[in-house]
Amino acid sequence: MGELPKNYKAIVTAAAAYANVEETGKYDARNPAALKRLVAGGAQLRPFSQPIMEASLKAANELYAELTAKNPDFKKVYDNMIAFRTDEYLWWQVAEYTFDTFMIRSRTRT
């Protein structure tokens, strides 16, 4: 985007932000109905087991280490993302996770 005039950059930035919010909203709004249709069709929903989650995380971290070693641009973005995520998890753990867990447990107690 470096070669675009400022007003075009602003348009692209605004369009990307709108698309992100719009698609995330659609994703969140449509998934409950989709899950209900899957279950009605016989699907059994189960969480991944701890060993699968651990193996997945290990494989992902190995891939990210390989990519950061080969690609300085990826490393810059990835390092910033990890720093942000680490800080963000502090907030989620205190605020969002606690509230969401409470609401999930309480929805069956009406």
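This report looks at helix α1 and at the way helices α2 and α3 meet in a predicted model.

## Helix α1

Let's start with α1, which covers residues 6-40. At 1.5 Å a residue, its 35 residues should span 51 Å, and the C-alpha atoms at its ends are indeed 51 Å apart, so the expected and modelled values agree.

There is a bend to look for along the way: α1 turns by about 35 degrees at N31, and the proline P32 follows within four residues. After the helix comes G42, with a positive phi near 105 degrees.

## Where α2 meets α3

Next come α2 (residues 50-70) and α3 (residues 72-106), whose axes come within 6 Å and cross at roughly 130 degrees. Angles from 115 to 145 degrees fall outside the parallel, antiparallel and perpendicular classes, and the two helices are therefore oblique to each other. The crossing of α2 past α3 is left-handed.

On the α2 side, the contact involves N61, Y64, L67, T68 and K70; their partners in α3 are P72, F74, K75 and Y78. By type, the contact residues comprise five nonpolar, two polar and two charged.

Methods:
Residues are numbered from 1 along each chain as its sequence is written. This is a predicted model: local features need pLDDT of at least 70, side-chain atom pairs count only at pLDDT 80 or more; totals for chains, interfaces and linings use all residues. Side-chain values use heavy atoms; hydrogens and water are left out. The expected span of a helix is 1.5 Å times one less than its number of residues. The bend at a residue is the angle between axes fitted to the seven residues ending there and the seven starting there. Axes are lines fitted to C-alpha atoms, for helices over the stretch in contact, and angles run from 0 to 180 degrees between N-to-C directions. Angles under 35 degrees count as roughly parallel, over 145 as roughly antiparallel, 65 to 115 as roughly perpendicular and the rest as oblique. A crossing is left-handed if the near helix is turned anticlockwise from the far one by less than a right angle, and right-handed if clockwise. Contact means heavy atoms within 4.5 Å. Ala, Val, Leu, Ile, Met, Phe, Trp, Tyr, Cys and Pro count as nonpolar, Asp, Glu, Lys and Arg as charged, and the others, Gly among them, as polar.
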